[in-house]
Amino acid sequence: MAKPRIVVIVGSNRRESLNRKLAHALAKLGADKFDATFVRIDDLPMFNQDNEGKLPPEVVRYKDELSRADGVLIVTPEHDRSIPAVLKNAVDWGARPYGKNSWAGKTMFITGTSPGAIGSALAQQHLRSVMTGLGATLLGGEAYVTFKPELVDAQGNIPDESTRKFLQGFIDRFANLAERLAPTKERSVAA
Ligand SMILES: Cc1cc2nc3c(=O)[nH]c(=O)nc-3n(C[C@H](O)[C@H](O)[C@H](O)COP(=O)(O)O)c2cc1C
């Protein structure tokens, strides 16, 4: 049976993004359980409802990538106690136009990191609230990660055993949920 297809969204447009490093490490933790594809959001134009009639090509590409995903992993920083504007823009394009909500029914794991003590907790909570409203199926639990320079090593691994095990648990449960909730055509052979 094919592995679930997971789209990874990093809520940062910063070149040296800490969250991108964490996202790659998480994709590595799940490499034997799902196929991960990183999706760009930094090239999406600013959302404007005037453009919903004829979607910009970047938005068409982005929504097409979302439509093919069995699950979405969002790894987000916290900006001013919420999600960064670049991510909110991507959320809004995903939700629109009316009737073409890309998030509805998507299995989703939300996590993120920040050098602060609460590790992007408030941004994650805001995003959970938004995604619940948009109909995503959220993985339970809370994965707040305080960033330290040694969190992800040069090979893209998480060396600290307790942090790695903590995150591996989320990745395993996310992969399992995405597989179980994947469209039935993917599983019809086993049925
Ligand atoms: C505009 C702005 C607002 C920020 N607000 C917060 C915040 O509310 N909480 C927090 O923990 N860190 C905050 N930070 C620090 C970020 O956690 C830090 O810049 C981090 O590197 C962002 O993640 P990234 O490297 O993946 O972009 C803020 C940074 C910026 C630029």
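Begin by selecting Asn 19, which, once its neighbours within four places in sequence are set aside, is in contact with Val 10, Val 75, Thr 76, Pro 77, Gly 112 and Thr 113. The model on the screen is a predicted one, and every value quoted on this tour is computed from it. Asn 19 lies in helix α1, and at 3% relative accessibility Asn 19 counts as buried, the cut-off being under 20%.

**Along helix α1**

Keep helix α1 on display and move to Ala 23, which lies in this helix as well. Is Ala 23 buried or exposed? At 0% relative accessibility, Ala 23 counts as buried, and, leaving aside neighbours within four places in sequence, Ala 23 is in contact with Val 8, Val 10, Phe 38 and Val 75. If you add Thr 146 to the selection, you will find its C-alpha atom 14 Å from that of Ala 23, although the two residues are 123 places apart along the chain.

Now select the buried residues of α1 together, namely Leu 18, Asn 19, Leu 22, Ala 23, Ala 25, Leu 26, Ala 27 and Leu 29. What covers them includes the strands β1, β2 (35-38), β3, β4 (107-114) and β6 (144-146), along with helix α5. A check on the length of the helix can be made here: at 1.5 Å a residue, the twelve residues of α1 should span 16 Å, and the end C-alpha atoms are 17 Å apart, which agrees.

**The largest nonpolar core**

Next, colour the members of the largest nonpolar core, which has 27 residues; those that touch the most other members are Ile 6, Leu 22, Leu 26, Leu 73, Phe 109, Leu 167 and Phe 174. Two or more residues come from each of β1 (5-10), α1 (18-29), β3 (71-75) and α5 (161-181), and α5 gives the most, with seven residues. As background, nonpolar side chains in soluble globular proteins tend to be buried together.

Centre the view on Leu 73, one of the residues just named. Apart from neighbours within four places in sequence, Leu 73 is in contact with Ile 6, Val 7, Val 8, Ile 9, Leu 26, Phe 109, Thr 111 and Phe 174. Separate from this core lies another, of 25 residues, including Val 72, Ala 90, Val 91 and Ile 110.

**Helices α2 and α3**

Ala 90 and Val 91 lead to helix α3, where they meet residues of α2. Select α2 (residues 57-67) and α3 (residues 85-95), whose axes are 10 Å apart and which pack at an angle of about 75 degrees; the two helices are therefore roughly perpendicular to each other. On the α2 side the contact involves Val 59, Tyr 62, Lys 63 and Leu 66, and on the α3 side Ala 90, Val 91, Trp 93, Gly 94 and Ala 95. By type, these residues divide into seven nonpolar, one polar and one charged.

How many of the eleven residues of α3 are buried? Eight are, so α3 is largely enclosed by the rest of the structure. The buried residues of α3 are Val 86, Leu 87, Asn 89, Ala 90, Val 91, Trp 93, Gly 94 and Ala 95, and what covers them includes β1, α2, β3 and α4.

Return to α2 and select Asp 64, which lies in this helix. Asp 64 counts as partly exposed, because its relative accessibility is 36%. The C-alpha atom of Asp 64 is separated by 17 Å from that of Ile 74, ten residues away along the chain.

**Three stops in the loops**

The last stops concern the backbone. Most residues other than glycine have a negative phi, and most peptide bonds are trans. Select Arg 96 and Pro 97 and inspect the peptide bond between them, which is cis, with omega near -5 degrees; Pro 97 lies in the loop between α3 and β4.

Then go to Asp 80, in the loop between β3 and α3, where phi is positive, about 50 degrees, although the residue is not a glycine. At 79% relative accessibility, Asp 80 counts as exposed.

Finish at Ser 120, in the loop between β4 and α4 (121-133). Ser 120 is not a glycine either, yet its phi is positive, near 70 degrees, and with a relative accessible area of 0% Ser 120 is buried.

How values were computed: Residues numbered from 1 in each chain as written. Predicted model: local features only at pLDDT ≥ 70, side-chain atom pairs only at ≥ 80, totals over all residues. Heavy atoms only, no water. Axes fitted to C-alpha atoms, helices over the stretch in contact; angles between N-to-C directions. Helix = DSSP H or I, 4+ residues; strand = E, 2+ residues; numbered from the N terminus. Parallel < 35°, antiparallel > 145°, perpendicular 65-115°, else oblique. Contact = heavy atoms within 4.5 Å. Nonpolar A, V, L, I, M, F, W, Y, C, P; charged D, E, K, R; others polar. Core = buried A, V, L, I, M, F, W, Y, C linked by side-chain atoms within 4.5 Å. Buried < 20%, exposed > 50% of the residue type's maximum accessible area, 1.4 Å probe, protein only. Expected span 1.5 Å × (residues − 1).
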